[in-house]
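Please open the model in your viewer and keep the selection tool at hand. The tour goes from one stop to the next, saying at each what to select and what is found there.

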Amino acid sequence: MKTLLKIVGIGLLALMAVLLFNTFRISSKQMANVPPLASLAVSDSAVQHLSEAIRYRTVSYEDIALMDSTQFEKFIGFLAKTYPLVHSRLTLKRINNYALLYEWKGTNTSLKPALLMGHYDVVPVVQGTQKMWKHQPFEGDIAEGFVYGRGTLDDKVTVIGVLESVEHLLRQNYQPARSFYLAFGHDEEISGRVGGKALAEWLQAQNVQLEYVIDEGGTIKIDGVSGIDKPIALVGVAEKGYTSLQLTSLGDGGHSSMPPPQTSIGMLAEAIDKLQKKPFPARLGGAAAYLQDYLAPEMPFGTKLAMANRWLMKSVIVNLLAKTNAGNAMVRTTTAPTVINAGVKDNVLPIEAVAKINFRILPGDSVQGVVKYVKETIGNERITVETLKQFDTEPSPVSDTAALGFRLIHRTIKGCFPDALVAPYLVVGATDSRYFRSVCPNVYRFMPVRMNEEDLKRPHGTNERISTEDFKNVVRFYVALIKGS
Ligand SMILES: [Zn+2]
C-alpha cells in the first residue's frame, strides 16, 4: 500500500513538473522592439471624403433588380474626382462594370504584389429603424467626433482609407518597391459573386501570384477578453464556410380528427431537435489554436497553465469556450435552423413540412461532410435533405502566421497601436477575400479600427459610425503597411 502511495505521489509530482515546465516555457509571440510610428498628420479633408462617400446609396439588395446602378456609377465618379493622383498614376480596370481593380506598379518586379481590398456596397437600412438613427444613414453627418452612416464601418472605411493613404503617398512622390493591387468589390453583401469573385478570377487568368491579401474581418477589440486588459488586434487567418440545407418531410395529409402518431410537422420537429441536441463535434485546431498560442503567454497564471497544457486540458478548454455563442462558433461547425414552413389550417394535416438550416463550417469540415452528418443524425429516410446551393462556400484554408504578410501586418499594428496585442483568429462570417485563395495562400482579414462590444452591433445595425480619430488611424495604418512592405 505504501509503495502504491509512493508511486502515485511521484506520478503527481512529475505531472506538476511537466505542467509547470510547459507553462514557463511558452514565451510571448508579440513582435518586440517595434518602435511606435510617429503619428502621421492626416488632414480633416480625409474625414470629409469619408462623409461624402457615405452619401452615395450603393446598397446591395437580395433582389438584384433593386440595385440602383446610377449610385454606383456616381460613387466611382466621386473616387476619380477625389483621388486625382491615384487615377493618373495607377491603372484602373473595371470588372463587370462596378468592381474596381487598381494596379500600382512597384520598382522591384521580383517581389510578388500585395493586394489591399474592401467593398463599397452596403446593406440596406431595415425598414422602420430609420427613426432610431441619431443621424440619417445616408447623410454622412460629422457630429460629436464621429462620422455617421451606413458603410462607415462596413466597409467604405476601408475603400476610402486605402485610397486616402495611396493618394497621400503619391503626393509625396512615394514609389513602392513592391507592386500593389487595390481591389474593391461592389456586391460583397450579396455573396460577392459578380465583384470579388470576378476580381480574383481576373488575377488568376493573368497568372498573378500575390504575397499577401488584406481584407476586412477582425478589428481591435478594446474590451471583452477576461484576464487581458490590453486591446487585442484580431487578425483573421481563416474564415468559416457556409451552406444551408433544406429539410422536407412528407406526411399523408387529411383531416386532423384522425391523425397518425406523427405528422409531417412532428417528424420535422424531431429531426431539428436531434440536430440541436447533437451538435457537430468541437475541436481546437487551426485558427482557434493559433489564437490560444498568441493569447496564452499574456494570460494570468491559471489560464496560462491550462492553455500551455492543451495536450491534457483540451476538453476542458473546448467545453469552456463552447459555453458562449461566440466561443462555440470558434470551435465547431454551427447549426442554425432559420426558416420553417408547414400547414395551412388548424384542422388540416399538412402534407409537407419544410425547414431551412444554416451551417457555418469550421475549416477542416466541408459542405459534403455537413450533408452526410445531417442525414446520419436525423436517421429518417422520409426526410429529404438537399443543399440550397446559392451561397455554398467551403471553409478557407488557414493562413500561415509565419508568412511575410502576417509579419508585416503584425509589425504595422505594433507601430500604429503600440498598446495592442496581436492575435490570429477565425472569422465566423464571410468576406470577399475567400475568393482569393487561388492567387494567394496568405490571406488576412483585419480592419484597424478600435471597437468595443457595443460597437460590434453597429455594422449592419443602427447608428453605424466611426470616430474621426479612428478613421485617421485607418489611413495611418495603410500608409505604414505600404511603406513597410
Ligand atoms: Zn463587409
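Begin by selecting Leu100 together with Phe184, which stands opposite Leu100 in β6. Before going on, please note that this is a predicted model, in which local features need pLDDT of at least 70 and side-chain atom pairs count only at pLDDT 80 or more, whereas totals for chains, interfaces and linings use all residues. Residues are numbered from 1 along each chain as its sequence is written. The helices (H or I, at least four residues) and strands (E, at least two) named here are DSSP runs, numbered from the N terminus.

**Strand β2 and its partners**

Extend the selection to β2 and to strand β6 (residues 180-185), which run antiparallel and are joined by five bridges; strands count as paired if DSSP finds at least two bridges between them. On adding strand β1 (residues 91-95), you will find that five bridges join β1 to β2, again in the antiparallel sense, and that Ile95 stands opposite Ala99 in β2. β1 and β2 form a hairpin with three residues between them, and in the turn Asn96 has a positive phi of about 50 degrees. Strand β2 (residues 99-104) is mostly covered, with five of its six residues buried. Here a residue is buried if 20 or more other C-beta atoms lie within 10 Å of its own, exposed if 12 or fewer, and partly exposed in between, with the C-beta atoms placed from the backbone.

**The four-stranded sheet and two helices**

Next select the strands of an open sheet of four, whose order is β11-β13-β9-β14 and whose pairing is antiparallel. Its edge strands, β11 (334-342) and β14 (383-387), each pair on one side only, and the twist averages 20 degrees from one strand to the next. Within this sheet, strand β9 (residues 241-250) pairs with β14 over five bridges in the antiparallel sense, and Leu245 has Thr387 in β14 as its bridge partner.

Now show α7, which lies across β9, β11, β13 (352-361) and β14 and runs at about 15 degrees to β13. Add α12, which lies across β9, β13 and β14 and runs at about 170 degrees to β14. For these angles, axes are lines fitted to C-alpha atoms, for helices over the stretch in contact, and angles run from 0 to 180 degrees between N-to-C directions.

How do the two helices pack, and at what angle? Helix α7 (residues 264-277) and helix α12 (residues 367-378) are packed at an angle of about 115 degrees, their axes being 9 Å apart. At their contact, Ala271, Lys274 and Leu275 in α7 meet Val374, Thr377 and Ile378 in α12, where contact requires that the C-beta atoms of two residues, placed from the backbone, lie within 7 Å. The residues of this contact divide into four nonpolar, one polar and one charged. In this classification Ala, Val, Leu, Ile, Met, Phe, Trp, Tyr, Cys and Pro count as nonpolar, Asp, Glu, Lys and Arg as charged, and the others, Gly among them, as polar.

**The three-stranded sheet and helix α14**

Move to the three strands that form an open sheet in the order β4-β5-β17, with antiparallel pairing. β4 (142-143) and β17 (465-467) stand at the edges, each with a single partner strand, so one side of each is left without a neighbour in the sheet. β4 and strand β5 (residues 146-148) pair over two bridges in the antiparallel sense, and Ile142 stands opposite Val147 in β5.

Helix α14 (residues 468-484) lies across β4, β5 and β17, running at about 80 degrees to β17. Select also helix α2 (residues 44-54), which packs with α14 at an angle of about 100 degrees, the axes being 10 Å apart. That makes α2 roughly perpendicular to α14, a term that covers angles of 65 to 115 degrees. Ala46, Val47 and Leu50 of α2 make the contact with Thr468, Phe471, Lys472 and Val475 of α14, and by class these are five nonpolar, one polar and one charged residues.

**A covered helix and an exposed lysine**

Select helix α8 (residues 286-295), which is mostly covered, since eight of its ten residues are buried; among them are Tyr290, Leu291 and Tyr294. The buried residues of α8 pack against β8 (232-239), α9 (301-308), α11 (325-331) and β15 (421-427).

Finish at Lys6, in helix α1 (residues 2-25). Is Lys6 buried or exposed? With 10 C-beta neighbours inside 10 Å, Lys6 counts as exposed.

Terms used
Angles under 35 degrees count as roughly parallel, over 145 as roughly antiparallel, 65 to 115 as roughly perpendicular and the rest as oblique.
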